[in-house]
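Biologist: Pick one part of this model and walk me through it slowly, please. I'd like to hear about the strands and what they pair with, then a word on the cysteines.

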Amino acid sequence: MDLLADIGQEDQLTSAREENRVLLAKVKELTVRVHELNATNAALLAEVEMYRAEFVSSKSSAGIGSYIGEESKEALVDDGADDFVTAGNGIYASDPAVTLPKMHGISNPLCCSLHPNDTLMATGGADGNLILCQWGVALAPGDESSKKAVDDSIKVACGAPVICSAFAQVTKGRGSPLPLVAAGCMDGSVSIIHCGLDLEDSANRVLYSFKHEKYVKTICWSPSEQLVASASADGTIKLHRVGNVPNMFDGSDGDEFSSELIQSFHFDGPVEAMCFVDEGNSLCCYVRETSYLTYFDLKEEYKQSKYSLNGKPAIGDRFDDHVSFSVLSLQPCPTGKYVAAATDAARNIIMEAKTDRIVRNLYGHNNDGFSNPKIAWSSSGQYIYGNSQNENCVCVWDVASASMVKRLEGDAFVRDIYSSSTTDTVATVSFDKTAKVWLNEM
């Protein structure tokens with residue numbers, strides 16, 4: 001009897017395993033189908049927006065007839081962008097050359113950025129620290145090289161989880177950027193940190209800090225002046241000009257570091273995304289529950305202009321004041337002529353800066369209102385990188401064809417993406433507590 005019972009239990013176990021295998025295969029099949037349906041749904045939503053704009057335009061001018069319809073279709077994708085006629089050359093970062101484990105110990109990294117010369121990476125974490133790392137050390141032969149790069153990193157305490165970071169850029173008239181990195185935190189504080197490339201402990205410290213009322217959404221530096229802008233969930237943007245930077249390496253502090261708040265902007269909702277365009281002469285931002293990008297001209301006393309995310313209006317200066325998404329990440333292309341916007345509706349939009357021309361829409365990924373979409377340009381300006389909700393990958397699109405050409409697979413959801421403007425180098429941080437550096441696959 002015991003033998004028969006054992007045989008019966010073994011049969012049941014074998015049957016259960018086979019059933020489990022079949023169910024797992026079905027889950028994978030359905031997961032793929034869900035992704036396909038999400039992409040189709042995003043495309044249909046964009047089409048609805050197009051027809052909605054068409055309807056509004058036709059109501060506002062009954063005498064225009066079919067001409068309105070043609071203009072409304074152009075509002076979704078304007079084929080006049082000659083810069084993207086030629087397909088990409090196939091050169092972009094796709095090789096996970098460096099993986100840095102546990103940059104923030106048991107805490108997850110939340111953001112990343114690269115120094116303008118690409119040698120130094122900054123990561124901010126839920127542990128309240130900004131980590132400065134010479135990631136190139138991990139390229140050395142040997143299994144311990146990645147660990148050495150992490151162990152040799154410098155930790156700068158910021159007092160609260162670090163949500164965003166940005167290095168000072170190379171400005172006009174300077175051969176090298178200011179040795180500064182800014183960190184924005186969950187408690188609304190912004191720290192300006194001195195960052196020496198040789199990672200001396202005494203050289204890397206907080207020089208100046210200020211606060212917003214709520215957590216910091218994003219930070220960016222001007223490419224033309226010594227300006228840093230910070231945007232917050234409290235609906236404000238603060239624009240600071242930094243001055244003298246002490247020499248940390250000659251044994252004396254030299255001139256005192258200076259920072260001056262030169263302007264602040266106030267909005268009715270959280271400022272979700274922001275970037276400098278037009279060689280640093282204009283600041284572009286998106287405020288939640290608005291249907292446009294707002295630009296401030298820094299050369300004309302901060303003159304404000306708005307450009308619809310629905311594309312150029314069919315008639316005059318009127319545009320539809322409704323969109324079904326929010327923009328959560330903005331990045332200018334390397335030339336500054338175009339802006340890429342990542343939305344929470346599985347749609348990435350390429351627009352000509354300081355205009356309402358939509359030149360491309362990018363689909364195929366998955367992001368909704370609970371996601372944290374990020375976007376970045378390749379150094380050539382021919383490709384776009386973006387993350388995808390519930391997928392452990394970085395998506396790569398060819399801008400000219402608006403098609404996804406590759407998924408860079410990882411082991412966990414990608415929280416942030418940063419791409420170098422001069423080389424094929426991309427940094428990412430993920431919820432497996434790692435930071436990766438992707439290089440061009442030679």
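Modeller: Here is a strand and its neighbours, followed by another sheet and the cysteines.
Quick housekeeping: this is a predicted model, where local features need pLDDT of at least 70 and side-chain atom pairs count only at pLDDT 80 or more, while totals for chains, interfaces and linings use all residues. Residues are numbered from 1 along each chain as its sequence is written, and side-chain values use heavy atoms, with hydrogens and water left out.

Let's start with β12, residues 236–242. Strands here are DSSP runs of E with at least two residues, numbered from the N terminus. Of the 7 residues in β12, 5 are buried, so the strand is largely enclosed by the rest of the structure. Buried means under 20% relative accessible area, exposed means over 50%, and partly exposed is in between, using a 1.4 Å probe and protein chains only.

β12 pairs with β11 (residues 227–232), running antiparallel over 5 bridges. To count as a pair, two strands need at least two bridges between them in DSSP. L227 has R241 of β12 as its bridge partner. The hairpin of β11 and β12 has 3 residues between the strands, and G235 there takes a positive phi near 85 degrees.

β12 also pairs with β13 (residues 259–266), again in the antiparallel sense, over 7 bridges. R241 turns up here too: its bridge partner in β13 is E260.

Now for the other sheet. It is open, has 4 strands in the order β1-β28-β27-β26, and the pairing is antiparallel. Its edge strands are β1 (93–101) and β26 (414–419), each pairing on one side only. Between β26 and β27 (residues 425–430) there are 5 bridges, in the antiparallel sense. One residue match to look for is V414 with its bridge partner S430 in β27.

On to the cysteines. A search of the whole structure finds 0 disulfides, a disulfide being a pair of cysteine sulfur atoms within 2.5 Å. C220 is in none, and the nearest cysteine sulfur, that of C275, is 6.7 Å away. At 10% relative accessibility, C220 counts as buried. C395 is also buried, at 0% relative accessibility. Its closest cysteine sulfur is in C393, 4.1 Å from the sulfur of C395, which is too far for a bond.
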